[in-house]
Amino acid sequence: MERRTLGAAALEVGAVGLGCMPMSWAYTTSQQVGEDSLRTLHRALDQGVTLLDTADMYGPFTNELLVGRVLKERRDEVFLSTKVGLLVGDQHLVANGRPGYVRRACDSSLRRLQTDVIDLYQLHRPDPEVPLEETWGAMAELVTAGKVRALGLCAVGARVHRRAPRTQGAQRAPLHGETLRQLGRLQQVFPVSAVQAELSVWSPEALTALLPWCEARGVGLLAAMPLGNGFLSGTLTPGSGFEPDDVRARHPRFTAEMMAANQPLVVGLRRVARRHGDATPAQVALAWLLAQGSHVVPVPGTKKPRWAEENARAAGLRLTEEDLAELRRLPPALGSWD
């Protein structure tokens, strides 16, 4: 698989990563089978995937334990990314960026992951009660201590931005504006190697300002939810419903009406895929991301071996200028993220 680099330290990763969250968190609990997930992790590594993306809050904790079982056998093949800064409460999430907590959380993650170093340690969310520089400084100390190789930030996404309060008559701040301000502050303390942000054919907002910021500084952009929570794979049927604990059951874009209204996006991906033999809509969606810049690394999540293999093979799909032009003409996704 093609390799791409993250940050000034030129950390090398496979062009397509693997998001491990669905194996333990947020999607179709009835299908979260540990042995299937282990096979998925091994299948991805066999296909040349190196970036495994997890977090202490997924489960919570169980996702890191799962990944740790694979790391115990194949650590030298993995670029390990995990996250800190969010705690799972009763029906809500709480940010914690206190330096003491960050240090303890890192040690706990290392134990669960059965490794002595984390390749990329990402701040999941800044803590509004703690100066950002203090949290980042504690994370930088972990690099000095040899427990972490590089640091990253998870961007505040479009949905959070649109929910932000706005005073009467004032214009809303630019999308990702707060993330860009945070990144500027963090760079003064310790280099940012990667930014993880939602980016896909149906949610392209990060292309406007966030990706150019990353490209100008050699910072990697990890494209989260690159398949639109599964919608862009073309495998979801409008009206089929989701399990009650699946995040898509409460997601405005996953009502039967909105899924039907956004089918032109899937139709367009299929049309391009047909020009490339046995390519799939999901592979086209991932190849579109890879074509956005050499620092973009899509991180599709899955818990099934067949999808992990399909996603990994997208790294070999080269879209033509005609393909890219057609994808640019696709209608914007309908329906609110809020």
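How many residues of strand 10 (residues 194-198) are buried? Five of its five residues are, so the strand is mostly covered; buried means under 20% relative accessible area, with a 1.4 Å probe and protein chains only. Strands here are DSSP runs of E of at least two residues, and helices are runs of H or I of at least four, numbered from the N terminus.

This is a predicted model, in which local features need pLDDT of at least 70, side-chain atom pairs count only at pLDDT 80 or more, and totals for chains, interfaces and linings use all residues. Residues are numbered from 1 along each chain as its sequence is written, and side-chain values use heavy atoms, without hydrogens and water.

Select strand 10 and look at its two faces. Ala194, Gln196 and Glu198 are buried on one side, Val195 and Ala197 on the other.

Next, add strand 9 (residues 148-154), which pairs with strand 10 in the parallel sense over three bridges. Pairing requires at least two DSSP bridges between two strands. Cys154 has Gln196 as its bridge partner in strand 10.

Now add strand 11 (residues 220-224), which is parallel to strand 10 and paired with it over five bridges. Here Gln196 is bridged to Leu222.

Show helix 7 (residues 210-217) as well: with strands 10 and 11 it makes a right-handed β-α-β unit. Right-handed means that, with the strands pointing away from the viewer, the path from the first strand over the helix to the second runs clockwise.

Finally, select Tyr121. Among the residues it touches are Val148, Ala150, Leu151 and Gly152, where contact means heavy atoms within 4.5 Å.

Definitions and conventions:
Buried means under 20% relative accessible area, exposed over 50%, partly exposed in between (1.4 Å probe, protein chains only). Lists of a residue's contacts leave out its neighbours within four places in sequence.
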